[in-house]
Amino acid sequence: MNPRSAPVARSVAARRAALAAVLLAFAPALAPRNAEARQRARRSRAAAPALASGAAGATAPASADYAARPEVHAFIDEMVAQHGFIEAELQAVFAQAHYSADALRLIAPAPPTFKRSWRAYRARFLDAQRIREGLRFWRDNEGWLAYASARYGVPPEIVVAIIGVETFYGRITGGFRVIDALSTLAFDYPRRAPYFRGELEQYLLYARESGIDPGSLRGSFAGAVGLPQFMPGSIRRYAVDLDGDGRIDLQSNPADAIGSVASFLALHGWRSGEPVRFQMRFDSEERLAPLVAAGIEPRFTIGELTGYGIASVESVAPDLPLALIDLPNADEPTSYYLGAPNFYVITRYNRSSFYAMAVYELSQALAAGR
Ligand SMILES: [Ca+2]
């Protein structure tokens, strides 16, 4: 992940080079966050008979007995050599790890024929119940939200909205054993095996540091944990003990979840007091194509965008870097916005413009409802 937005590229050559870098950065699949949204999307896709073979990228396991697999032995050897784990203890952990066909089905990418719709996605997260429960979560945790906001410079409504989109304020945190999900994705999902082997390593380290039985923790199909759905590597890098009780608890402690979301955004470059996005007008959709291709990393000033027939509806600081954000609506016209650096920061939490825009719009609905 590259947490910082690049300086504004001014020459065409520089833009092309930057574009190539952006495209490379986005080549991997979306970060497996936002368990609820992705599970819902997968369920709705799976409901269509033509899409039923969604796990086509998965391979059948060589053996569901992970402790007996040579690649698991090699992984254990690495953990012993690099981190001083005890071999017999890890053997016992993997003897208890189970292959999860559900994890593979849920993580499989959408088929290329799937038509994404921002309006349909938005409607799932901007409903009355999610707004009402978000206001309740805000009231119940007002002190911690104010404290985290002061400490990290991230507005409370953004933190509440992320927890709301991720897990409905902690109601849906995932029922997969993390060891099952990560073992399956590390050893039976070749497409992203290196990533999930890394997360499995982080998970074992996290469990050891925290005195947690690696077989006990539950999370999403991708191994994301707790109210904010942090992957194990993110827990170790970004999570904080906001209430100062000596342990980081993202599963049941809203204070630690709130502090950890704010910490994550701050460490990924959140700019305190700056906007997230702007509404815009444009002359012709054809002229927008190169800006769509340039990706979501903000690199154009409003002055440069004027050259593409774009005007912001709201006033924009002349030196603020912006990106064109395109949100397809299936067969209906695409929605377009100007994304500021803070929009890009939200996409570091989950690499999806739909996700970041839903978080922002929910945050605005929550702030308006206070
Ligand atoms: Ca704590």
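# Exercises on a predicted model

The largest nonpolar core of the protein contains 101 residues, and V159, I258 and V359 have the most contacts inside it. Helix α17, residues 353–369, gives the most to this core, with ten residues. The structure is a predicted model. In it, the protein has 17 helices and six strands, and 43% of its 370 residues count as buried.

**Exercise 1.** Determine which residues V159 is in contact with, leaving aside its neighbours within four places in sequence.

*Solution.* Step 1: select the pairs whose C-beta atoms lie within 7 Å. Step 2: set aside the neighbours within four places of V159; the contacts are then L145, A148, V154, I258, V261 and A262. Step 3: compare with the core, where V159 and I258 are both among the residues with the most contacts. As background, nonpolar side chains in soluble globular proteins tend to be buried together.

**Exercise 2.** Decide whether A365 is buried or exposed, and describe its surroundings.

*Solution.* Step 1: locate the residue; A365 is found in helix α17. Step 2: count the other C-beta atoms within 10 Å of A365, which gives 20. Step 3: apply the cut-off, under which 20 or more such atoms make a residue buried; A365 is therefore buried. Step 4: list its contacts beyond four places in sequence, which are L126 and I131. Step 5: examine the pair A365 and E157, which are 208 residues apart in sequence, while their C-alpha atoms are 8.8 Å apart in space. For the protein, among contacts between residues at least 6 apart in sequence, 73% join residues at least 24 apart.

**Exercise 3.** Establish the strand order of the open four-stranded sheet and explain why one side of β4 and of β5 is left without a neighbour in the sheet.

*Solution.* Step 1: pair β5 with β6 (residues 332–339), which are antiparallel over six bridges; here I325 has Y337 in β6 as its bridge partner. Step 2: pair β3 (residues 277–282) with β6, antiparallel over three bridges; Q279 stands opposite Y337 in β6. Step 3: pair β3 with β4, which run antiparallel and are joined by three bridges; F282 has I310 in β4 as its bridge partner. Step 4: assemble the pairs into the order β4-β3-β6-β5, with antiparallel pairing. Step 5: inspect the edges. Strands β4 (310–312) and β5 (323–329) each have a single partner strand, so one side of each has no neighbour in the sheet. Step 6: add the twist, which averages 40° from one strand to the next.

Key
Residues numbered from 1 in each chain as written. Predicted model: local features only at pLDDT ≥ 70, side-chain atom pairs only at ≥ 80, totals over all residues. Core = buried A, V, L, I, M, F, W, Y, C linked by C-beta atoms within 7 Å. Buried ≥ 20, exposed ≤ 12 C-beta atoms within 10 Å, placed from the backbone. Helix = DSSP H or I, 4+ residues; strand = E, 2+ residues; numbered from the N terminus. Contact = placed C-beta atoms within 7 Å. Pairing = 2+ DSSP bridges. Axes fitted to C-alpha atoms, helices over the stretch in contact; angles between N-to-C directions.
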